[in-house]
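Trainee: Please take a close look at one loop position in this model and follow the connections outward from there. I should like to see how that small part fits into its sheet, its chain and the assembly.

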Amino acid sequence: MARSTFVYVTYIRTSPEKLWAALTDVEYMKQYWFGMRCESQWTAGSAWKLLAPDGQIFDSGEIVEADPPRRLVIRWQHQNKAELKAEGGSLCIMELEPTGAAVKLSITHTIERDPSKFIVAVSGGWPKILSNLKSLLETGSSVLQDPYPPATAAV
Amino acid sequence: MAERRDIDLLFKALADPGRRKLLDLLHAHDGRTLTELCEHLDMTRQGVTQHLDLLEAANLVATVRRGREKLHFLNPVPLQEIYERWIAKFEKPRLKALSELKQRLEKANG
């Protein structure tokens, strides 16, 4: 079976507990996810959705596994754009491993098709989100406030 | 201090044409084994392994074990950090200066 996978890894100087809280807390999430938020009970079998600041549902699915503060698996399907929705569900695995004074956060996002426009779409977003999350946890402020800064758009 | 070490590793990892070629190969097609990567490079298997180790130490490459195989993935997160730290903040003043220059020149013409 054809498969598209993207892997993202970042080392963040924090504790697994704080990182888990950052990944699952609505208010905290908005600060590094460009105003987007995930809503869920964060237990296996519970519903999960990713909402835009105006409440529009971008993605939805369910929690497949939740083992705080180590492993979170989300069944994830895009809802907003028809061509991405048509690709069906993807699987997003988040793993947190303590390494010295830091935590290694690995995100593996997989869909059972190749090529996948969905995976191309998320691959532009994840590095920005994760690097913002790292800055926020390590320094208390995120660097990118807007995924498409107006200064660049003005060129 | 630890942060400075990370950034040093990152720039050192990028400062080699063979390693940049490896990143391009993974960008074109992610999740490859060592053998698949060797096919595209004029380098010994041992040489490729050493370059991959350096890229992994700099967190530019992430590996996933699948059965007996080790798959290599491009990890763009540190590149995004370089962008934020070393490009975005210098780009803004430059664009502002260009737009001021344009306004000045247009005024002079009129």
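**From one loop position outward**

Mentor: A44(A) is partly exposed, because 13 other C-beta atoms lie within 10 Å, where 12 or fewer would make a residue exposed and 20 or more would make it buried. Please keep in mind throughout that the model is predicted.

The local setting comes first. A44(A) sits in the loop that runs between β2 (37-40) and β3 (47-51) of chain A. These two strands form a hairpin with six residues between them, and W42(A) in the turn has a positive phi of about 60 degrees. β2(A) and β3(A) pair in the antiparallel sense, over four bridges. One of the bridge pairs sets E39(A) opposite K49(A) in β3(A).

What does A44(A) touch beyond its neighbours within four places in sequence? Its contacts are I63(A), V64(A), E65(A) and A66(A). These four positions fall within β4(A), which covers residues 57-67. As for a position further along the chain, T110(A) lies 66 residues from A44(A) in sequence, and the C-alpha atoms of A44(A) and T110(A) are 19 Å apart.

The contacts of the loop thus lead to β4(A) and on into the sheet. β4(A) pairs with β5(A), in the antiparallel sense, over eight bridges, and a hairpin with three residues joins β4(A) to β5(A). I63(A), one of the residues that A44(A) contacts, has I74(A) as its bridge partner in β5(A). From I74(A) the path continues: its bridge partner in β6(A) is C92(A). The strands β5(A) and β6(A), the latter spanning residues 90-99, run antiparallel and are joined by six bridges. I74(A) therefore links to a bridge partner in β4(A) and to another in β6(A).

Which residues of β5(A) lie on its covered face, and which on its uncovered one? In this strand, residues 71-78, the covered face carries L72(A), I74(A), W76(A) and H78(A). The uncovered face carries R71(A), V73(A), R75(A) and Q77(A). In a regular strand, side chains alternate between the two faces of the sheet. I74(A), already met as the partner of I63(A), belongs to the covered set.

The chain as a whole gives the wider frame. Chain A has five helices and seven strands, in the order β-α-α-β-β-β-β-α-β-β-α-α from the N terminus on. Its radius of gyration is 15 Å, close to the 15 Å that the globule rule gives for 155 residues, so chain A is as compact as a globular protein of that length. Along the principal axes, its C-alpha atoms fill a box of roughly 45 × 40 × 30 Å. Buried residues come to 30% of the 155 residues of chain A. Of its contacts between residues at least 6 apart in sequence, 44% join residues at least 24 apart.

One helix of chain A also deserves attention. α4(A) has 23 residues and reaches 34 Å from its first C-alpha to its last, close to the 33 Å expected at 1.5 Å a residue. A kink of about 25 degrees lies at G125(A), shortly before the proline P127(A). The buried residues of this helix include F118(A), I119(A) and V122(A), as well as P127(A) and L137(A). α4(A) is followed by G140(A), whose phi is positive, near 90 degrees.

The contact between the chains takes 17 residues from chain A and 15 residues from chain B. On the side of chain A that touches chain B, the elements giving two or more residues are β1 (4-12) and α4 (117-139). β1(A) gives the most, with seven residues. By class, that side has twelve nonpolar, four polar and one charged residues.

Chain B, finally, has five helices and two strands, which follow the pattern α-α-α-α-β-β-α along the sequence. Its radius of gyration is 20 Å, well over the 13 Å that the globule rule gives for 110 residues, so chain B is more spread out than a compact globule. The C-alpha trace of chain B spans about 70 × 35 × 25 Å along its principal axes. Of its 110 residues, 20% are buried. Among contacts in chain B with a separation of 6 or more, 51% come from residues 24 or more positions apart.

Notes: Residues numbered from 1 in each chain as written. Chains lettered and ligands numbered in written order. Predicted model: local features only at pLDDT ≥ 70, side-chain atom pairs only at ≥ 80, totals over all residues. Pairing = 2+ DSSP bridges. Contact = placed C-beta atoms within 7 Å. Nonpolar A, V, L, I, M, F, W, Y, C, P; charged D, E, K, R; others polar. Expected span 1.5 Å × (residues − 1). Bend = angle between axes of the 7 residues up to and from the residue. Rg over C-alpha atoms; globule rule 2.2 N^0.38 Å.
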